[in-house]
Every structure is written in C-alpha cells, then in structure tokens.
Amino acid sequence: MPATSMEQLVSLCKRRGFIFQNADIYGGFQGLYDFGPLGVELKNNLKAAWWRAMVYERDDVEGVDCAILTHRKVLHYSGHEDTFSDPMVDCKDCKCRMRADTLKDGKCSECGSTNLTEIRQFNLMFKTNVGPIDDGESFGYLRPETAQAIFVNFKNVVDSTSRKVPFGIAQMGKSFRNEITPRNFIFRVREFEQMELEFFVEPGTDLEWHEKWKEARLKWWQEQGLSMENIKPVAIPKEDLAHYSKATYDIYYKFPHGLEELEGIADRTDYDLANHSKNQSEFKISAHVHDKNVDSNSKLALYDEEKKEWFIPFVIEPSAGVERGVLAVLTEAYTEEKLENGNERIVLKLKKHLAPIKVAVIPLKRNNEQIMAIAHKIKKDLLKLGIGRVSLEDSGNIGKAYRRHDEVGTPICVTVDFETIEAEPASVTIRDRDTMRQHRVNLIDLPDYVKEFFS
Ligand code: ATP
C-alpha cells in the first residue's frame, strides 16, 4: 500500500533527513522547503533519470542550462507580465487570503464565510532589482518557468547544432512562483525545479507528436516506480486551456491529498517563438502574436529548403515538477508492513536507480580493526562501480541499521561479520530490502554481484 496520508511522508522525510521546512528555526518560511542529506540524493537521481531519458537516450534533443534571472522583455512578450496571474480574494471575517478559483460555493475555505472581497488578479512572478540603481526600471524577474529561456535561445541552439525539425531542447532547473496559497508539503511551493522539454515540430504534425509525448512520459513515470492505477492522463477541455495552448494533457497522480497535476504536456503551437520574433509578416504564422511591436532582433524561425520559405515550428512541451515527482515516488514507495513475528516495519520501496543510498556497508563490530578494515575496503571498491552513494555505517547496532536502511530505501546492506574474517573463503552477508532475505556472497565476488544487482 502506498502512503495514504501526507503526515506519514512529512514525518519520515524529517526523521530521516529527506526534506525540511525552510528556516524552521525561525518558525518557517512559508512555501519553501530544503532537501536534506537523503533528499538531495533522491532529487538528483530523479533529475538524472529524466536527463538520461530526454537527452542522452535520444538523438533528437539538446540540453541547455540558462540564467534564472530573466530579462523583463522576455516575460513581457511571452505574455507573463499580463497574464501569469491567479484570481485572489480575501475573507473579510477571518482575514485569510485564497485563490478565488478554489472556493467552494463562494465560501471562505477557512471559516465558511461569504463575506469576501472583490476578486483581484495577482501576478505570480517575483520581481527583483538588477544592478546598483533602484530607479524603478532596472528590474528583472526570477523565471516562473524554464521554458522561456529555451525559446529565446532557439536561434543560438539551431545555429550551433544545425538541428532541423523535429528536435527538442531540454532544461532542468529552478522556477519561482509567488503562489497565493502554497500547501500540501512540497506539492505547491514558491521555489521549485522543473524538468522541461520544448520539442519543435513541423506545423501540422503537432497533434501526432502531442500523442507520442504523452505516451513517452507515461512510460517514463512508470519506470520511476509509479503504477498506472495511480496515474491518470486528462485531456484539458478546450474552454480551460491556457491562452497559448491548442491542446493539453495533464498527467494526474493520486497524491495523499488527492488526484492532482504531476506534469503538463501542452501543444504550445508557435505562440512563443512567434511572440519573440520580429518582422512577423515575413512568416506564415497563426494569429497568436499578441503584440505586433515585438522588439527582439531574432527571427525564431527555420528555413524550409524545399518550399523556399521561412516557417515557425510548433512546440510540444512536456513540463514536470521535480518536487511533485519526488512526492509521487515517495508516496508510491512508502510501505508499512506487518511482519510474521508481529512487528511492523516501514520500508521505502524505491526503484534502485532512485534510492539515495545504493549500498550500506555495516561492520558488525566497530571496535574490531580487522572488520573495520574490510568494511572500508568494501566501500572503496563498491564506490568505483559508479553506482552512486555507498555508505559506511558505524552505529554498531545491526538491527537499527537495517531498520534505518529499510526506511530510506537502501536496496541492499552488506554486513561484515566474524565469518568474514575467520572463515575461508571470506564472505559477507547481503540483506535485501524488499524480501529481507539474507545470503552470503564471497568477498571476491562482491563487486560483480553488486554491479549485476544495479545493472
Ligand atoms: P497548477 O495548476 O498545479 O498550479 P500549473 O498548471 O500552473 O500547475 P505548469 O505551469 O504547467 O503548472 O508547470 C509545469 C509543472 O511544474 C507542473 O505540472 C508542476 O509539476 C510544476 N509546478 C508548477 N507550479 C508548481 C508549484 N507551485 N510548486 C511545485 N511544482 C509546481
């Protein structure tokens, strides 16, 4: 059974060092979380899996890593300055502030009052001064999505790689949104990471690619351990589409607090490239351009050699949140088990490639020099395999070590005991996280065994 309540996850994450409330010693900074010693590993493993699938394993995608601080014109012509907002209301009775589109029957979600203010639009972007002069003009934004930096670099990437459609540009990194009501642990936060691909295609082939990307992304999430019964792709009805989108699938996941968006896959048409381009009359573009006075110097277009004309590609955008991904894999992996002896255990059944610690090496006696020396050597040898973090335990309490490693999802523990130093040939105990079965492996075969286990 996956986790059924957010409290189970919040408690495990704090207890074992996955995720902490930001600035908690000062009472907490709302909507911000920090990843701890194991959280950073899990998050990096998820991002590495995405990068591998989106960039390394494909022949049609390039990667970029662009600045977070964003030129105001980029977010003006993308439409964010005008439209990236949520409707906000205040309750005049309990003074709480909320998103107007989340109200039920027009009542305050905290106290049920209908005594609410008028709805106002609240822009979600963080504006910040850039440079030493605060003249009201020298400002930029913290990017609210990674996508725009990809669009404005379109020409740079095409010119430097000679790419032709269909091809994509991928980016992972921080995004910032001043959410009105951040909530549900790391589900809705003000600073988060996105994993975004902008996949450029010939106009007319976009709907076909939209379907392909939906399938590819569903498959990827399953490879991260999410089961299909907890995932639901939803085609957004026409009337609810974002202004730039012709069609969107949202991939919903059954989080502990409900079925909610994990990833969006939008057909963004030529909206962004067209809006960032100059002299649009030269191109065959749709009516999407919302401001005819675009002042960028780039034609974000491709030349069709056969037709002898310029065209602006359409874009399919699979856009996933790292924090929501982490929350989903934790939800799915969290398991409370009743053991045959009547005891209970919590085990995090993470996919091996996501596990923060791959192997825990546990010396049975930490004051035995021979045992410690072998344990150190094992750690060193296993690290050379490049499988990720191998940790050397020194708690001296094997039962506690197994329990801890079950809870943090370590796939195998290697125990160095007296048999290791006394018997011939030298061997160690391997304990499997999921089955709890133990068996012995000869020390000399250990690296091959571990390599095979993680391959
Ligand atoms: P929502 O409707 O939940 O606010 P959205 O539709 O605005 O999300 P997108 O703009 O499509 O989200 O962003 C792509 C992805 O980025 C989302 O699917 C989600 O995984 C992630 N994301 C967006 N906003 C947040 C946030 N405030 N906190 C954490 N992740 C977020």
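The domain assignment, which is automatic or database-derived, splits this protein into domain 1 (6–82 + 142–329) and domain 2 (357–454). Their centres, taken over C-alpha atoms, sit 40 Å apart. This is a predicted model, where local features need pLDDT of at least 70 and side-chain atom pairs count only at pLDDT 80 or more, while totals for chains, interfaces and linings use all residues. Residues are numbered from 1 along each chain as its sequence is written, and side-chain values use heavy atoms, leaving out hydrogens and water.

**Where the domains touch**
- Eight residues from domain 1 and seven residues from domain 2 make the contact (heavy atoms within 4.5 Å).
- About 620 Å² is buried between domain 1 and domain 2, with carbon and sulfur atoms giving 51% (accessible area, 1.4 Å probe, lost on putting the two parts together, summed over both).
- On the domain 1 side, Arg16, Leu38 and Glu41 lose the most area to domain 2, together 65% of what that side buries.
- Two salt bridges are counted between domain 1 and domain 2 (side-chain nitrogen of Lys or Arg within 4 Å of a carboxyl oxygen of Asp or Glu).
- Glu407 and Arg16 meet through their side chains in a salt bridge, 3.0 Å from N to O.

**Strand S22**
- S22 covers residues 412–416 (strands are DSSP E runs of at least two residues, numbered from the N terminus), and five of its five residues are buried (under 20% relative accessible area, 1.4 Å probe, protein chains only).
- Ile412, Val414 and Val416 point one way, and Cys413 and Thr415 the other.
- S20 (residues 359–363) pairs with S22 in the parallel sense over five bridges (pairing takes at least two DSSP bridges), and Val361 stands opposite Val414.
- S23 (residues 427–432) runs antiparallel to S22, joined by four bridges; Asp432 in S23 is the bridge partner of Ile412.

Definitions and conventions. Buried means under 20% relative accessible area, exposed over 50%, partly exposed in between (1.4 Å probe, protein chains only).
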